[in-house]
Structure formats: C-alpha cells, structure tokens
Amino acid sequence: MKSSFHGTEAKQKNMSEAINVQHGAAHVEHHDAHSHGHHKETFVSKYIFSMDHKTIAKQFLITGIIWAIVGGLFSVLFRLQLGYPGQSFPILETFFGNWAKGGQIQPEFYYALITMHGTVLVFFVLTAGLSGTFANFLIPLQIGARDMASPFLNMLSYWFFFLASVVMISSLFISTGPASGGWTVYPPLSALGQASSGSKLGMDLWIVSMALFVVSSLLGGLNYISTILNLRTKGMSMTRMPLTIWALFFTAVLGVLSFPVLLSGLILLLFDRNLGTSFYLSDIVVNGEILANEGGSAILFQHLFWFLGHPEVYIILLPAMGMVSEILSVNSRKPIFGYMAMLGSLFAITILAFLVWAHHMFVTGLNPFLGSIFVLLTLLIAVPSAIKVFNWLTTLWRGNIRFTPATLFAIGFVSLFISGGLTGIFLGNSTIDIHLHDTMFVVAHFHIVMGVASMFGMFAGIYHWFPKMFGRYLNSTLGYIHFWVTMIGSYLIFWPMHYQGLAGIPRRYLDKRGWVSFNDFPELDKMITIVSIIVFAVQLMFVFNFFYSIFKGRKVTNPNPWGANTLEWTTPLRPGHGNWDGEIPEVHRWAYDYGKDGREFIPQTEPIGENESKH
Amino acid sequence: MATTGTVHQTKWWSGGKSPFNLEYGKLMMWYFLMSDAFTFGAFLISYGSIRFSQNFWPDPNVVFNAFPGAGHANLPLAFVSVMTFILIVSSVTMVLAVHAGHKGDKKGVIKWMWWTILGGLAFLGCQAWEWHHLITGEHAVLVDGKIEMIGQTMTGNPWGNIVEDNTALTAALNTTSHETLVHLAHEFPKEGTATSIEALEKMSNAQLSGMVDVAHAHIREKGPVAFGGYFYGITGFHGFHVFSGVIINIVMLIMTQKNVFANRGHYLMIEKAGLYWHFVDLVWVFVFLCFYLI
Amino acid sequence: MSNHYDPTKDISPSAAYPEVSFHHHSDDAEFKRRVKKTTILLSVITIIELAIGLLIYNIHKGDSPNALLVLMFKGVVCILTIAKAYYIVSVFMHLGDEIRNMIMTIVVPLLLFVWFIIAFIADGNSYKNLRNKYDLHFKETTTPAPHHSAEKPGEKPAEKSGKE
C-alpha cells in the first residue's frame with residue numbers, strides 16, 4: 001500500500017500528481033470536481049494564487065520587504081525630527097503636504113509615524129515577513145513533505161495578510177491620518193475619536209487590519225503545526241528535526257494561542273469606540289466634556305494586549321533563533337552544541353512567554369504584589385536565553401568557520417541578543433523599571449534584542465536560503481558591506497540611547513528643547529539620526545542586491561552549495577511544486593553530523609554506517 | 001490495514017505517519033478550537049476582571065427571570081435552562097450524525113443533521129427573544145435625582161442596588177417626566193388609586209407623584225455599564241458561532257444529500273463540523289456559568 | 001491503479017489520508033449506551049447547577065446573606081461546569097478515544113488558563129481596592145448599602161460583595 005503513495009508512479013514529470021499522492025487530503029477536499037484533468041499552471045495559478053508553499057513564502061518575503069522599506073522610511077523621518085528639531089526640510093512639505101507644514105514634521109504626523117513604524121515592523125515585517133516566509137519555505141522542505149498540510153488555507157493565509165496590508169496602507173492616505181496612539185494602542189486615547197485625529201477613522205482601520213492579520217497568522221500557524229506533526233517524512237522523528245523547524249513550531253504555537261486574545265481585546269476596543277460601551281473607559285473628561293462612560297478599566301486592555309504582546313516578542317525572535325542555530329552549525333562545520341538543551345530552552349521560552357506579560361505594565365497601577373510575581377517569572381527567562389547563547393558560542397568554538405554573509409549576520413544576531421538581553425534584566429526588575437519605564441533605555445533594549453536581532457536573523461536566513469529560493473546567489477561583496485555597516489550602525493544608533501534613557505529622557509517626545517532636563521544630548525541625537533540614514537541607505541542597497549540577484553545573480557550549480565545536511569538541499573536546484581522529483585527521501589540521522597568520523601558533513605538521508613561512531 | 005493489530009509497538013513519532021493517527025484536517029480543527037477557546041477565554045476572563053473591579057454586580061437571578069408567554073412571573077433561570085437543554089440535545093443529535101457517518105449511513109446522517117440544525121435555529125430564536133426582552137423591558141431607575149425608564153443595553157444597566165431611601169425617591173418624583181410618572185402610577189399605585197392609563201395621562205405631574213407607591217416600586221440605581229456590554233458582546237459572539245455552525249451544518253447537509261461524502265467514501269467532514277458544533281456547546285457551558293449561575 | 005493517483009477511485013479513508021493507519025471503530029450498541037449515559041449525566045449536572053443557582057438566589061433574598069456560603073456554592077457550580085466540559089470533550093468530541101499524546105497536546109496548553117485567570121482576576125480586584133482607597137466618589141456611589149441598612153448604619157459593607 002505504501003508504495004502507491006511514495007513509489008512507482010512518482011517519477012513522472014508532472015509533479016501535481018505527485019502532490020496528490022502525498023496530499024490526497026488537500027486535493028480530495030478542494031479539487032474533487034476536477035481531479036481527473038491535469039492541472040495546467042497559468043501565470044495566475046503559478047505566481048499569484050499559488051498554493052505552492054515556496055511561492056507563498058516568496059510572496060510573504062517580498063511583501064515583508066516592501067513593508068520594511070516603508071517602516072524603515074518612517075523611522076528615518078521621525079529621526080529627522082529628533083535629530084534636527086525646529087529645522088526645516090522643504091522637501092518634506094513637497095511630499096507630505098500639511099503633515100510637514102513648512103518642512104517641519106507636525107506633531108500629529110510624528111505620532112502617526114512612530115505608531116506605524118512600530119506596527120509595521122512588529123507585525124508586518126517581523127511576524128508575517130519573517131515567520132511567514134521561513135515557516136512556509138522551510139517546513140515542508142526540511143521535514144520532507146511535498147507541501148503544507150492544507151495548501152489552500154496556506155494560500156488564504158497570505159491573502160489575508162495582503163488584505164490586512166491593503167487596509168493598513170489605505171489608512172495612511174485618509175485625511176485624519178493613520179492610528180497614532182502608539183503601536184500598543186492603549187485606550188482611552190485609542191478609544192476616543194475626539195481625543196486626537198489619529199484616533200478617528202485611522203484607528204478603526206488599524207483594528208480591522210489587525211483582525212485580518214490575526215486570521216492570516218491563525219491560518220498559517222495551524223498549518224505549520226499540523227504539517228510538522230503529521231507530514232514528516234519517514235525516519236524524521238521529532239528529535240531529528242533541524243532546530244529551525246522546532247523554532248518555527250513553537251512560534252506557531254505561540255501565535256495560535258496568543259493572537260486570539262489580542263483579537264478579543266480589539267473587538268472590545270472596537271465596541272468602546274463605536275457602540276458606546278465602557279470596557280476600558282471610566283471617569284474621562286475630554287475638552288471639558290464629561291463622558292458618560294463608566295466602570296471600565298484601561299489596565300484591562302493592557303493586560304489583554306500584552307497577553308499577546310509579550311508572546312509576540314518571541315514570535316519574532318524564535319524563528320531567528322532557529323535559523324541562526326542552523327546557519328552557525330552549517331558554517332562552522334560542527335554539530336550544534338547541546339541540541340536537546342537548545343530544544344528544551346526553546347520550549348521553556350515558549351511557556352514563559354505566556355506567563356510574563358505584565359512586566360510591561362509595572363507602572364500602570366498594576367498590583368505591586370502581582371508585579372513581584374511577574375518579576376520573578378520574567379527573570380526566569382534569562383536561564384533558557386543564557387543556555388542558548390552559551391550553545392551558539394560553543395558551536396562556533398574551534399569550528400572551521402566560513403564567514404559567509406549569512407554566518408556574519410548569524411554571529412551579529414548572537415551579539416545583539418546578548419547586548420539587548422542583558423538590559424532586559426534591568427527592565428525586568430520592577431524597582432529599576434520604575435525609573436527606566438518609557439525612557440529611551442526601553443527603546444534601546446527592545447530594538448537591540450528583538451528588532452535588530454530578528455532582522456539580523458532574517459538577513460542571515462535570506463542570504464543562506466536565497467540559492468534554494470531563486471537558484472542564484474546574492475552578491476557577497478554587497479552582503480559584506482551590508483553586514484558591517486548594519487552591524488556597526490545598529491550599535492551606534494541604539495547604544496547611546498541607553499545613556500539617554502538612564503539620564504531620564506522619555507521616549508515618544510516630539511521636541512525635547514522645551515525641557516532643560518531632557519535637552520542634554522542634542523549632538524548625540526544628531527549623530528544617531530545621521531547613522532540611521534546611512535544604515536537605511538545600506539538596507540536599500542540590500543533590496544537592490546535582492547531583486548537584482550533574483551534575475552542576474554550568479555547561478556547556483558551545486559545542489560548543496562553550503563554542504564549542509566538538511567533535506568532541502570536534496571531537492572533539485574529549482575524544485576517544482578511537490579519539491580522532490582522522485583520519492584521523498586527517507587531520513588536516517590539528525591541534521592547535525594558535521595565533521596564526524598573525518599567527514600565534513602553527512603546528509604540526513606545517508607543511512608548509519610556500520611562502523612560509525614556515536615555522536 | 002484498518003486493523004487494530006498494528007497498534008502494538010507502533011513508533012508514532014518516527015515520521016511517515018501522523019503521531020496521533022489523525023488526518024491533518026481534524027488536527028487543524030482541534031487546534032483551531034483551541035485557539036478559539038482563547039478568544040472566548042479572553043472575553044470571559046476580562047468580564048471576570050471587570051466584575052472583580054466593581055463594588056456591586058447585578059444578581060443574574062434578578063436579571064434573567066422572564067419566560068416567553070409568562071408575563072411578569074418571576075421565574076429565575078427558567079428560560080436559560082431551556083436554552084441550555086436545546087443546545088445539549090442538539091449536541092447529542094450531532095454525535096449521532098457523526099456516528100451514522102462512521103457507518104456510512106447516509107440516511108442517518110441526513111436525519112440527525114436536520115435535528116441538529118433545528119436545534120441550532122431554536123437556540124438562536126431563544127437568544128433573539130431574550131435579547132429583545134432585555135432591551136425593550138424597561139425598568140424604573142433613579143438617575144441623577146430623577147426616575148427614568150431604561151432597558152438593559154450596551155450603554156445602560158437598570159440592575160443597580162434597590163433604592164431604599166423613600167424620601168429621596170419621593171423627591172425624585174418631582175423632576176421625573178410625565179411619561180414615566182404615568183407608567184409608575186399605573187404599575188405601582190398607592191392603595192385605592194388605581195385607574196386606567198388614559199385617565200392617568202390626563203393628570204398633572206403633581207397629581208401623579210402623589211399616586212406612586214415608591215416603597216414597592218423596586219426602583220433601583222444604575223448598575224455597572226460593563227454588565228450589558230459583556231452580556232451582549234459575549235452571548236453575541238457565541239450566537240455568531242452558533243449561527244456559523246448552523247450554516248456549516250446546512251452546507252454539510254447539502255453535501256451529504258448530493259452524495260459528496262458517499263462518493264468520497266468517508267464522512268470526515270461531518271466529524272469536523274461536529275467538533276465545531278460541540279465546541280459551541282462547550283462554550284455555552286461556560287457562558288452559562290459566568291453569566292447566569294455565579 | 002492508473003499511472004496517476006485518482007482520489008475518486010481509491011476511496012478508503014486511509015488512501016485519502018496516508019498519514020493515518022487505522023480508524024476507530026466502536027461497537028454500535030456500546031456507543032449508543034455511552035451517548036445515552038452521557039446525555040443523562042449532563043442533564044442531571046445542569047439540573048443540580050440550576051438548583052444551586054436558585055439556592056444562591058434565596059440566600060441573597062434572606063436577611064443576612066452568608067457570603068462564605070454563597071462563595072462555596074459558586075465554587076461547587078464551577079466544579080460541576082468543569083465536569084460537564086470534561087464529558088462533552090471526552091465523549092461527544094471523542095477526545096477520550098484519541099492517542100494519549102493527542103490528549104496531552106490539547107490539555108497541557110489549557111493549563112495556561114490557570115495563570116491567565118488568576119492574574120486577571122487578582123488585578124481586577126486590586127483595581128477595585130485602589131479605587132475604593134483613592135476615589136471616594138467611586139466608593140460612595142457604587143458600594144451597595146449593607147442589607148437593610150436602616151438598622152446598622154455604621155457597618156462596613158462586606159469585602160466580598162463585589163464578587164457576587
């Protein structure tokens with residue numbers, strides 16, 4: 001019986017039948033009516049409404065890149081304001097009209113920019129762009145499956161994300177502007193249209209867009225989980241899976257369990273905004289008018305928001321961790337150090353991610369005793385994080401490291417994760433947090449540990465798997481320039497912010513010149529702005545490299561260019577829908593047999609030899 | 001292959017098969033329901049959080065005491081128990097539909113799906129009646145020194161404390177609107193003053209005030225507003241699930257009738273729809289607990 | 001079988017779902033008995049719950065409601081509800097018939113609800129206490145008068161009353 005699924009007929013050229021073999025399920029349900037005819041690939045079915053996980057991954061990636069440019073540009077704009085307050089840039093007025101009257105960024109525009117920068121980068125780039133891309137691309141390829149469990153829902157997942165993007169983009173072009181109450185959209189500001197122009201239609205669109213985004217991430221996450229559980233190829237036991245897959249698995253679990261809570265919170269917020277309910281509102285006076293809302297609790301929204309918001313941090317970070325583990329091991333030609341410890345720490349981080357949300361709320365009126373429990377749980381995260389850092393460093397230790405751009409970005413990730421993680425210990429203590437809350441210190445902390453670090457993980461992943469995605473290499477010279485400028489630039493931008501924060505400078509302020517105590521670092525701010533413009537320019541260079549290399553990059557000729565063990569390199573150079581031409585290979589060992597018994601690498605598909613040593 | 005002999009010593013996790021022996025669709029449905037449980041959980045837990053942040057919360061027995069056709073009779077929890085039984089029974093018929101599907105019994109599936117759909121529609125009907133009753137059933141409430149008639153809505157809650165200070169109530173009658181006074185004088189007349197509505201409408205406010213028996217009118221303060229918001233929000237969200245469940249069941253029924261599953265050889269889709277339907281029942285168990293019982 | 005897979009020809013469930021190796025078959029009579037038993041059980045539990053609900057109502061109507069007693073009854077109702085949920089999931093949704101690991105993947109994540117509930121409720125309660133301390137208007141306007149307050153004016157309202 002098995003042979004009819006994996007053997008005999010599978011050598012045909014038309015892969016769509018081969019997919020039917022493995023994925024009868026999907027096709028039984030969705031293609032019942034026309035299962036007799038051959039599927040003819042049209043442009044639309046191949047590149048737009050494609051059900052091939054690899055195409056969907058690329059769609060996520062390219063949409064993510066576009067969003068990253070938009071979100072990055074926003075940060076450059078508000079950095080201009082922070083570095084050169086009061087100075088006029090007439091070109092801004094040319095582009096943004098009333099939002100930058102007289103060439104100066106207006107307060108409403110400034111808040112819209114920081115809100116959209118956060119929303120776009122956190123959700124659209126580092127959630128959809130990162131785990132959307134690599135979960136889609138790597139899960140079927142690395143576990144040995146022809147496609148996702150449900151290719152159709154997988155396609156819907158991208159299109160819901162697309163729809164969410166369209167709604168969010170459209171909110172940028174309405175007269176009252178996009179949401180501008182911060183990416184955390186705390187009520188009462190976000191709940192009351194009369195409170196600010198950014199709390200009007202823009203806020204409704206923000207909520208609608210996020211609701212669509214939650215649907216997208218749910219469809220994706222359910223697919224990732226059931227694919228990893230159900231569709232592993234023969235011999236691919238859970239503990240033989242590459243750490244990338246484990247990380248993406250836990251990411252999906254985090255998303256499936258925490259995004260719905262945000263959805264609930266946002267539905268209640270929508271009610272407060274449009275139906276006059278009082279879930280989050282109480283005792284409010286706006287413009288001298290006493291509002292009728294009574295009995296709600298603004299802290300409740302923060303609880304609901306951070307019940308997602310904190311796991312969200314790990315939704316962003318875990319895929320990067322997984323890819324870095326894989327890339328470091330492949331490129332130092334050494335097995336990953338402490339595979340089971342890595343796995344255990346991923347699991348521990350996943351659990352703890354759900355238990356620590358209120359450490360974002362120490363100064364909001366949270367019960368101090370409850371806060372102290374959250375301090376304890378928060379500091380526990382240091383343990384698995386330290387294990388992971390230790391294991392990455394020991395994987396590199398005495399390895400034959402190949403400094404490809406991917407390796408450099410992976411090492412950069414580890415560096416940033418350490419630097420940013422250490423300041424997390426400061427902020428996790430409620431006593432210190434009372435001083436540092438809402439200062440630039442927080443901005444420095446989360447940008448380094450989560451924002452930039454995950455971007456580095458994403459870059460590492462793109463440089464490493466680009467040959468598999470497009471059959472060509474990215475240009476390495478541009479890659480090295482990209483890495484060094486971004487690495488040094490990131491530290492130059494964010495390191496000084498720690499000092500600003502310790503000196504008490506609050507985040508989100510439009511213009512600090514009005515406060516003697518906050519106006520100590522104008523030159524530093526200028527420097528940060530200049531560096532961020534340079535770093536942004538280098539990212540544009542990467543984007544150029546990316547699109548140029550898709551069409552003109554050096555062609556890949558070796559199906560396994562990095563000499564890696566994992567299954568994706570056993571597929572043809574440019575795999576079609578269905579991934580493997582013949583049978584799906586069987587797996588006989590874990591993914592990290594590098595430098596074993598004098599051999600540089602032993603692919604997972606190779607049976608255990610008779611005299612092979614144990615690892 | 002379909003023997004249980006293979007169970008022994010099966011290496012469930014070694015790849016090439018489902019570790020849970022479940023096809024992906026059912027697995028996805030289970031995890032979707034898990035996710036949905038967190039949506040409902042978040043709603044109910046925020047309800048709990050708000051409730052604990054209030055000094056006063058209405059007694060559900062006082063709020064939910066009406067029954068269709070029973071007029072003003074005080075029947076606490078009677079109607080909601082009918083609704084609960086409807087949902088439990090429709091869950092049972094769904095189990096039987098799934099079971100018929102296991103046996104490939106198309107007629108059985110159709111029969112039990114019909115009953116399930118009817119159960120779902122009956123539940124939605126009950127909910128519509130209950131909402132209608134709560135929204136339109138207005139109660140006398142002391143607001144800012146005057147008495148108003150308000151219903152249970154998203155923004156108003158007539159279920160506060162009973163006002164026991166009769167002098168304050170009598171004073172409040174002076175500023176109360178004519179319409180409300182007519183209503184009060186009609187419903188709660190002092191002994192020997194009962195007359196028809198038409199007669200009352202012609203009287204002046206001062207006359208009417210003298211006729212209202214405030215001590216027995218059960219006039220309350222305004223209650224916590226969030227009560228209504230959460231009640232309509234959560235039962236509405238649950239009702240939406242019931243509604244979509246009914247739609248799914250209707251689609252399943254049509255597909256069964258068109259022999260889609262018979263041709264496919266299995267009724268797994270019915271099983272998945274069944275999981276969803278039971279989940280709706282499961283959520284109701286908790287909604288019932290949080291809003292009606294405690 | 002022709003040279004390509006045709007789902008309409010091989011129609012057994014295990015062909016459509018290659019990752020599944022066998023299907024649960026239960027004895028018809030045995031199954032019906034179980035469903036019947038569960039239905040009766042659920043109904044009985046619901047009736048008990050309703051009875052307790054009415055009991056609480058009557059305690060509230062009484063002269064001096066015993067807060068602790070009410071709390072205890074509410075605890076019993078919660079436990080009964082969890083029992084109901086257990087039967088629905090395990091029998092109606094057939095989770096009880098699945099492989100143990102499958103049951104675990106459903107049950108273990110649900111444990112997150114424990115801290116979810118405790119933290120949210122505790123903070124809601126703390127918010128009430130803070131407001132009662134610092135917002136006298138809130139305290140005065142929302143605290144229910146002690147039952148039949150006329151006789152005992154000076155008494156503090158029961159601390160637990162907000163939870164009822």
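Let me begin with the contact between two of the chains, where 73 residues of chain B touch 69 residues of chain C. Please keep in mind throughout that this is a predicted model, and that every value I quote is computed from it.

The size of an interface is often given as the accessible area lost when the parts come together. For chain B and chain C that area is about 6400 Å², and 70% of it falls on carbon and sulfur atoms. If we look at the chain B side, the residues that lose the most area to chain C are B:Trp30, B:Phe52 and B:Asn55, which together make up 13% of what that side buries.

How many salt bridges cross the interface of chain B and chain C? The rule finds one, and the pair that I would point to on the screen is B:Lys103 with C:Asp28, whose closest N and O atoms are 3.2 Å apart. Over all chains, the structure holds 19 salt bridges.

Another of these salt bridges takes us into chain A, where A:Asp438 pairs with A:Arg507, the closest N and O atoms being 3.7 Å apart. A:Asp438 sits in the loop between helix H16 (430–436) and helix H17 (440–470), while A:Arg507 sits in the loop between helix H18 (476–502) and helix H19 (522–552), so the pair ties together parts of chain A that are 69 residues apart in sequence.

Staying with the loop between H18 and H19 of chain A, we also find A:Arg508 there. Most residues other than glycine have a negative phi, and most peptide bonds are trans. A:Arg508, however, has a positive phi, near 65 degrees.

What about the two helices on either side of that loop? Two packed helices are described by the angle between their axes and the distance between the axes. For H18(A) and H19(A) the angle is about 155 degrees and the axes are 9 Å apart, which makes H18(A) roughly antiparallel to H19(A), given that angles over 145 degrees count as such. Their crossing is left-handed, and the residues in the contact of H18(A) with H19(A) comprise 17 nonpolar, eight polar and one charged.

I would like to set a second helix pair of chain A beside this one, namely H8 (residues 151–171) and H9 (residues 201–230), which pack at an angle of about 165 degrees with their axes 8 Å apart. H8(A) and H9(A) are therefore roughly antiparallel to each other, and the crossing of H8(A) and H9(A) is left-handed. In the contact of H8(A) with H9(A) there are 17 nonpolar and nine polar residues, and no charged ones.

Finally, the loop between H8 and H9 of chain A is the place of A:Pro188, and here the peptide bond from A:Pro187 to A:Pro188 is cis, with omega near 5 degrees.

How values were computed: Residues numbered from 1 in each chain as written. Chains lettered and ligands numbered in written order. Predicted model: local features only at pLDDT ≥ 70, side-chain atom pairs only at ≥ 80, totals over all residues. Heavy atoms only, no water. Axes fitted to C-alpha atoms, helices over the stretch in contact; angles between N-to-C directions. Helix = DSSP H or I, 4+ residues; strand = E, 2+ residues; numbered from the N terminus. Parallel < 35°, antiparallel > 145°, perpendicular 65-115°, else oblique. Left-handed = near helix turned anticlockwise from the far one by under 90°. Nonpolar A, V, L, I, M, F, W, Y, C, P; charged D, E, K, R; others polar. Contact = heavy atoms within 4.5 Å. Buried area = accessible area lost by both parts, 1.4 Å probe. Salt bridge = Lys/Arg side-chain N within 4 Å of Asp/Glu carboxyl O.
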